[in-house]
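User: I am new to this structure and would like a close look at a single part. Please pick one residue, start there, and work outwards.

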Amino acid sequence: MSDVFGDFPGKLRPLFKPSRYKILYGGRGGAKSWGIARALLLQGVDRPLRILCARETQKSISDSVHYLLKGQIESLGLSGFYNVLKSEITGANGTTFIFAGIRQNVSNIKSYESVDICWVEEAQNVSKASWEVLIPTIRKPGTEISVSFNLSWRRTTRTSGS
(Lines give C-alpha, C1' and ligand atoms only; values in the text may rest on other atoms or scores of the structure.)
Protein backbone atom coordinates (compact mmCIF):
# COMPACT_ATOMS: atom_id res chain seq x y z
CA MET A 1 0.00 0.00 0.00
CA SER A 2 2.90 2.39 0.61
CA ASP A 3 3.66 2.70 -3.13
CA VAL A 4 0.13 3.89 -3.82
CA PHE A 5 -0.10 5.98 -0.64
CA GLY A 6 2.22 8.55 -2.19
CA ASP A 7 -0.47 9.25 -4.81
CA PHE A 8 -2.83 10.54 -2.16
CA PRO A 9 -3.09 14.25 -1.47
CA GLY A 10 -2.20 14.99 2.14
CA LYS A 11 -5.75 16.06 2.96
CA LEU A 12 -7.02 12.56 2.07
CA ARG A 13 -4.50 10.52 4.06
CA PRO A 14 -6.74 10.44 7.17
CA LEU A 15 -8.94 8.04 5.17
CA PHE A 16 -6.47 5.32 6.22
CA LYS A 17 -6.82 6.02 9.95
CA PRO A 18 -9.61 4.32 11.92
CA SER A 19 -12.46 6.67 12.80
CA ARG A 20 -16.21 6.19 13.23
CA TYR A 21 -16.96 9.06 10.84
CA LYS A 22 -14.89 10.29 7.92
CA ILE A 23 -16.45 13.33 6.29
CA LEU A 24 -15.18 14.88 3.07
CA TYR A 25 -16.81 17.92 1.56
CA GLY A 26 -16.01 20.57 -0.97
CA GLY A 27 -16.64 21.53 -4.54
CA ARG A 28 -16.77 19.32 -7.59
CA GLY A 29 -13.45 17.92 -8.72
CA GLY A 30 -11.93 17.97 -5.23
CA ALA A 31 -10.91 14.26 -5.33
CA LYS A 32 -13.30 13.28 -2.53
CA SER A 33 -14.95 10.32 -4.27
CA TRP A 34 -11.70 9.32 -5.98
CA GLY A 35 -9.90 9.29 -2.62
CA ILE A 36 -12.55 7.33 -0.77
CA ALA A 37 -12.80 4.78 -3.60
CA ARG A 38 -9.04 4.25 -3.63
CA ALA A 39 -8.73 4.05 0.13
CA LEU A 40 -11.53 1.49 0.40
CA LEU A 41 -10.10 -0.65 -2.39
CA LEU A 42 -6.67 -0.69 -0.76
CA GLN A 43 -8.09 -1.44 2.68
CA GLY A 44 -10.10 -4.26 1.12
CA VAL A 45 -6.87 -5.81 -0.15
CA ASP A 46 -5.30 -5.64 3.33
CA ARG A 47 -8.20 -7.37 5.09
CA PRO A 48 -11.61 -8.79 4.19
CA LEU A 49 -14.24 -6.06 4.45
CA ARG A 50 -17.94 -5.78 3.72
CA ILE A 51 -18.45 -2.31 2.27
CA LEU A 52 -21.83 -0.73 1.59
CA CYS A 53 -21.77 2.04 -1.00
CA ALA A 54 -24.97 4.00 -0.42
CA ARG A 55 -26.71 7.12 -1.61
CA GLU A 56 -30.16 8.54 -0.97
CA THR A 57 -31.59 7.42 -4.31
CA GLN A 58 -30.22 4.70 -6.55
CA LYS A 59 -32.54 3.42 -9.25
CA SER A 60 -29.87 1.31 -10.95
CA ILE A 61 -26.24 0.30 -10.54
CA SER A 62 -25.32 3.07 -12.97
CA ASP A 63 -26.46 5.57 -10.31
CA SER A 64 -23.85 4.18 -7.89
CA VAL A 65 -20.08 4.49 -7.50
CA HIS A 66 -19.66 1.07 -9.16
CA TYR A 67 -18.14 2.60 -12.30
CA LEU A 68 -15.77 4.78 -10.26
CA LEU A 69 -14.57 1.77 -8.26
CA LYS A 70 -14.08 -0.24 -11.46
CA GLY A 71 -11.90 2.52 -12.89
CA GLN A 72 -9.85 2.77 -9.71
CA ILE A 73 -9.34 -1.01 -9.65
CA GLU A 74 -7.84 -0.77 -13.13
CA SER A 75 -5.79 2.32 -12.25
CA LEU A 76 -4.34 0.66 -9.14
CA GLY A 77 -3.52 -2.55 -11.02
CA LEU A 78 -5.87 -4.59 -8.82
CA SER A 79 -7.81 -6.33 -11.61
CA GLY A 80 -6.24 -9.64 -10.58
CA PHE A 81 -7.54 -9.23 -7.04
CA TYR A 82 -11.02 -7.77 -7.57
CA ASN A 83 -13.79 -9.37 -9.60
CA VAL A 84 -16.13 -6.68 -10.95
CA LEU A 85 -19.60 -8.18 -11.28
CA LYS A 86 -22.72 -6.49 -12.58
CA SER A 87 -24.10 -5.52 -9.17
CA GLU A 88 -21.21 -6.04 -6.75
CA ILE A 89 -17.43 -6.17 -6.56
CA THR A 90 -15.68 -9.00 -4.76
CA GLY A 91 -12.08 -9.45 -3.66
CA ALA A 92 -10.00 -12.62 -3.60
CA ASN A 93 -9.93 -12.48 0.24
CA GLY A 94 -13.69 -12.11 0.63
CA THR A 95 -13.93 -8.31 0.51
CA THR A 96 -17.30 -7.33 -0.92
CA PHE A 97 -18.64 -4.01 -2.19
CA ILE A 98 -22.42 -3.79 -2.29
CA PHE A 99 -24.53 -0.89 -3.57
CA ALA A 100 -27.87 0.46 -2.37
CA GLY A 101 -30.16 3.44 -2.40
CA ILE A 102 -31.24 4.30 1.13
CA ARG A 103 -34.67 5.83 0.62
CA GLN A 104 -36.10 3.10 -1.60
CA ASN A 105 -34.55 0.29 0.46
CA VAL A 106 -35.19 1.38 4.04
CA SER A 107 -36.26 -2.10 5.18
CA ASN A 108 -33.31 -3.73 3.36
CA ILE A 109 -30.81 -1.23 4.78
CA LYS A 110 -31.51 -2.65 8.25
CA SER A 111 -30.18 -6.03 7.05
CA TYR A 112 -26.73 -4.51 6.37
CA GLU A 113 -25.72 -4.64 10.05
CA SER A 114 -22.70 -6.81 9.19
CA VAL A 115 -21.16 -3.98 7.17
CA ASP A 116 -17.66 -2.88 8.19
CA ILE A 117 -17.61 0.40 6.27
CA CYS A 118 -20.45 2.38 4.77
CA TRP A 119 -19.64 5.02 2.14
CA VAL A 120 -22.43 7.53 1.63
CA GLU A 121 -21.89 9.37 -1.66
CA GLU A 122 -23.62 12.67 -2.46
CA ALA A 123 -24.60 12.93 1.18
CA GLN A 124 -25.96 16.45 0.69
CA ASN A 125 -29.08 14.71 -0.70
CA VAL A 126 -29.58 12.29 2.22
CA SER A 127 -32.69 12.96 4.30
CA LYS A 128 -32.81 13.01 8.09
CA ALA A 129 -35.10 9.95 8.00
CA SER A 130 -32.51 8.02 5.98
CA TRP A 131 -29.71 8.94 8.41
CA GLU A 132 -31.92 7.78 11.29
CA VAL A 133 -32.13 4.33 9.70
CA LEU A 134 -28.57 4.09 8.41
CA ILE A 135 -26.47 5.21 11.37
CA PRO A 136 -27.84 2.71 13.93
CA THR A 137 -27.63 -0.06 11.32
CA ILE A 138 -23.86 0.37 10.93
CA ARG A 139 -23.21 -0.60 14.55
CA LYS A 140 -20.73 -3.46 14.69
CA PRO A 141 -17.69 -2.52 16.85
CA GLY A 142 -15.06 -0.76 14.76
CA THR A 143 -17.42 0.16 11.90
CA GLU A 144 -16.91 3.33 9.93
CA ILE A 145 -19.13 5.65 7.96
CA SER A 146 -17.40 7.63 5.22
CA VAL A 147 -19.37 10.54 3.85
CA SER A 148 -18.70 12.60 0.76
CA PHE A 149 -20.76 15.56 -0.25
CA ASN A 150 -20.53 18.55 -2.50
CA LEU A 151 -20.98 22.03 -1.21
CA SER A 152 -22.50 24.24 -3.79
CA TRP A 153 -23.10 27.87 -3.34
CA ARG A 154 -23.38 30.83 -5.58
CA ARG A 155 -20.72 33.44 -5.18
CA THR A 156 -22.19 36.89 -5.47
CA THR A 157 -19.93 39.72 -6.50
CA ARG A 158 -21.08 43.25 -6.02
CA THR A 159 -19.71 46.07 -8.01
CA SER A 160 -20.38 49.66 -7.18
CA GLY A 161 -20.92 52.22 -9.84
CA SER A 162 -19.29 55.63 -9.66
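**A close look at Y25**

Analyst: Y25 counts as exposed, because its relative accessibility is 54%. Keep in mind that this is a predicted model. Y25 belongs to strand β1, which covers residues 21-26.

What does Y25 touch, once its neighbours within four places in sequence are left aside? The contacts are K32, F149 and L151. Another residue to locate is E122. It lies 97 residues from Y25 in sequence, yet the two C-alpha atoms are 9.5 Å apart in space.

Now the rings. A pair of aromatic rings is described by the distance of the centres and the angle of the planes. The whole structure holds three aromatic pairs. One of them joins Y25 to F149. Their centres are 5.6 Å apart, with 20° between the planes, and the pair is stacked. This pair links distant parts of the chain. Y25 sits in β1 and F149 in strand β7 (residues 144-150), with their positions 124 residues apart in sequence. F149 has a relative accessibility of 22%, so F149 counts as partly exposed.

Compare F81 and Y82. Their ring centres are 4.8 Å apart and their planes stand at 85°, so this pair is edge-to-face. F81 and Y82 are both buried. Ring pairs tie F81, Y82 and F97 into a cluster.

Back in β1, Y21 has a charged companion. The charged end of R20 sits over the ring of Y21, at 5.2 Å from the ring centre.

Next, step back to the sheet. Where does β1 stand in it? β1 is an edge strand, and so is β3; each pairs on one side only. The sheet is open and has seven strands, in the order β1-β7-β6-β2-β5-β4-β3. The pairing is mixed. From one strand to the next, the twist averages 15°.

Follow that order inwards from β1. β7, the strand of F149, comes next to β1 in the order. After β7 comes β6. β6 and β7 run parallel and are joined by four bridges. I117 has E144 in β7 as its bridge partner.

Helices complete the view. Helix α5, residues 128-137, lies across β1, β2, β6 and β7. It runs at about 160° to β6.

Helix α3 spans residues 66-75, and its buried residues are H66, L69, Q72 and I73. Seen down the axis of α3, these buried residues fall within an arc of 125°, so they line one face of the helix. The face turned away from that buried side carries the exposed residues Y67 and E74.

What do the buried residues of α3 pack against? They pack against helix α2 (32-46) and against five strands named here: β2 (50-55), β3 (82-84), β4 (88-91), β5 (96-101) and β6 (117-120). G77 follows α3, and its phi is positive, near 70°.

To sum up the starting point: Y25 is exposed, lies in an edge strand, and stacks with F149 of β7.

How values were computed
Residues are numbered from 1 along each chain as its sequence is written. This is a predicted model: local features need pLDDT of at least 70, side-chain atom pairs count only at pLDDT 80 or more; totals for chains, interfaces and linings use all residues. Side-chain values use heavy atoms; hydrogens and water are left out. Buried means under 20% relative accessible area, exposed over 50%, partly exposed in between (1.4 Å probe, protein chains only). Helices (H or I, at least four residues) and strands (E, at least two) are DSSP runs, numbered from the N terminus. The arc is that of the directions from the helix axis to the C-beta atoms. Contact means heavy atoms within 4.5 Å. Rings of Phe, Tyr and Trp (its six-membered ring) pair if their centres lie within 6.5 Å; planes under 30 degrees apart count as stacked, over 60 as edge-to-face and the rest as tilted. A charge sits over a ring if NZ of Lys or CZ of Arg is within 6 Å of the ring centre and within 35 degrees of the ring normal. Two strands pair if DSSP finds at least two bridges between them. Axes are lines fitted to C-alpha atoms, for helices over the stretch in contact, and angles run from 0 to 180 degrees between N-to-C directions.
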